[in-house]
Amino acid sequence: MTSMEAATAMMKRPYEVEGGLVRLRAGRCPECGAVYCPARLVCDGCGHRGLEEILLAPRGTIYTFTTVHQSTPEFRTPYHLCYVDFDEQVRVMLPAAGDERPRIGEAVEIVLGTGPRLVDAEPEEGPHALMVAWTATGKGEGDV
Ligand SMILES: [Zn+2]
C-alpha cells in the first residue's frame, strides 16, 4: 500500500470500534515518533513521508475547553469543544456529549453521538459524530 493509499484509507473512517470502545485513527512518524490525528502524509517535524497508522487509546484527559454560545443556525448552542490529550502525545479537539460543563484534567472517553448539529446531513446513518463523554472514574480529578 502506498502512503497515498494509506492516507486515503485513514480519511474514510477516522476511528475503529473495538469491544465497545471508540479509538481514533492516527499516524505516527517512524523517524521521529511524532503523532498526528488526523493522520497526514508527511511529518511536520522531520519531513518523513509515509506515517504508520496507529489507534489512539480510547480514553484521554481534557487539556482545556471552550463553550460555544453563538454559531450558525444548524448548531444547537451552547455546546462545549474540548482539547483532549492522549497517551500517544497528541491533542485532539472534539465536542463534548451533553450539556455538562467540562473540567480541565477530567478523564474522558471517545463516544459516537449526534454532535451539536440540529440539521443532520445523513440522518439515516444514525450517530456519526465523534465526541467525548466523562468516564465513570473521570469525575473528581478536575474537582477543586
Ligand atoms: Zn517525523
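**Group meeting: a walk through a predicted model**

Let's start in a loop. Pro38 sits in the loop between strand 3 (35-36) and strand 4 (52-55). The peptide bond leading into Pro38 from Cys37 is cis, with omega near 5°. There's a second case of that kind: the bond from Thr77 to Pro78 is cis as well, with omega near -5°. Pro78 is also in a loop, the one between strand 5 and strand 6. I point these out because most peptide bonds are trans.

Before going on, keep in mind that this is a predicted model. Average pLDDT for the protein chain is 83, and 77% of the residues score at least 70. The part to be careful with is residues 138-144, where pLDDT stays under 50. The model does have eleven contacts for that stretch beyond four places in sequence. Still, where pLDDT is low, the predicted coordinates should not be read in detail.

Okay, the overall layout. What does the secondary structure come to? One helix and nine strands. If you walk from the N terminus, you meet the helix and then the strands: α-β-β-β-β-β-β-β-β-β. The chain has 144 residues, and 24% of them are buried. Now take the contacts between residues at least 6 apart in sequence: 52% of those join residues at least 24 apart.

Next, the sheet. Five strands make an open sheet in the order 7-6-5-8-9, with antiparallel pairing. Which strands stand at the edges? Strand 7 and strand 9: each has a single partner strand, so one side of each is left without a neighbour in the sheet. From one strand to the next, the twist averages 40°. If sheets are new to you, strands pair through backbone hydrogen bonds, either parallel or antiparallel.

Let's look at some of that pairing. Strand 5 and strand 6 pair in the antiparallel sense over seven bridges, and one of the matches is Thr67 with His80 in strand 6. Strand 6 also pairs with strand 7, again antiparallel, over six bridges. There you can find Phe86 with Val90 as its bridge partner in strand 7, and Asp85 opposite Arg91 in strand 7.

Strand 6 and strand 7 form a hairpin, with three residues between them. Have a look at Gln89, in the loop between these two strands. Its phi is positive, about 65°, although Gln89 is not a glycine. That caught my eye because most residues other than glycine have a negative phi. Is Gln89 buried or exposed? Gln89 has 10 C-beta neighbours inside 10 Å, so it counts as exposed.

Now for a contrast, go to Phe65, which is in strand 5. Phe65 has 20 C-beta neighbours inside 10 Å, so this residue counts as buried. Which residues does Phe65 contact, if we leave aside neighbours within four places in sequence? They are His80, Leu81, Cys82, Tyr83 and Pro102. Phe65 and Ile104 are 39 residues apart along the chain, yet their C-alpha atoms are separated by 7.4 Å.

That brings us to the nonpolar core. The largest one has 24 residues, and those with the most contacts inside it are Cys82, Val84 and Val132. Which elements give it two or more residues? Strand 2 (21-28), strand 5 (59-68), strand 6 (79-86), strand 7 (90-95), strand 8 (107-113) and strand 9 (129-134). Strand 6 provides the largest share, four residues. The core also draws at least three residues from each of domain 1 (3-55) and domain 2 (59-134).

To finish, zoom in on Val84, one of the residues with the most contacts inside that core. Not counting residues up to four places away in sequence, Val84 touches Gly60, Thr61, Ile62, Tyr63, Arg91, Val92, Leu94, Val108 and Val132. Two names in that list should sound familiar: Arg91 is the residue opposite Asp85, and Val132 is another of the residues with the most contacts inside the core.

Note on methods: Residues numbered from 1 in each chain as written. Predicted model: local features only at pLDDT ≥ 70, side-chain atom pairs only at ≥ 80, totals over all residues. Core = buried A, V, L, I, M, F, W, Y, C linked by C-beta atoms within 7 Å. Buried ≥ 20, exposed ≤ 12 C-beta atoms within 10 Å, placed from the backbone. Domains from an automatic or database assignment. Contact = placed C-beta atoms within 7 Å. Pairing = 2+ DSSP bridges. Axes fitted to C-alpha atoms, helices over the stretch in contact; angles between N-to-C directions. pLDDT = per-residue confidence, 0-100.
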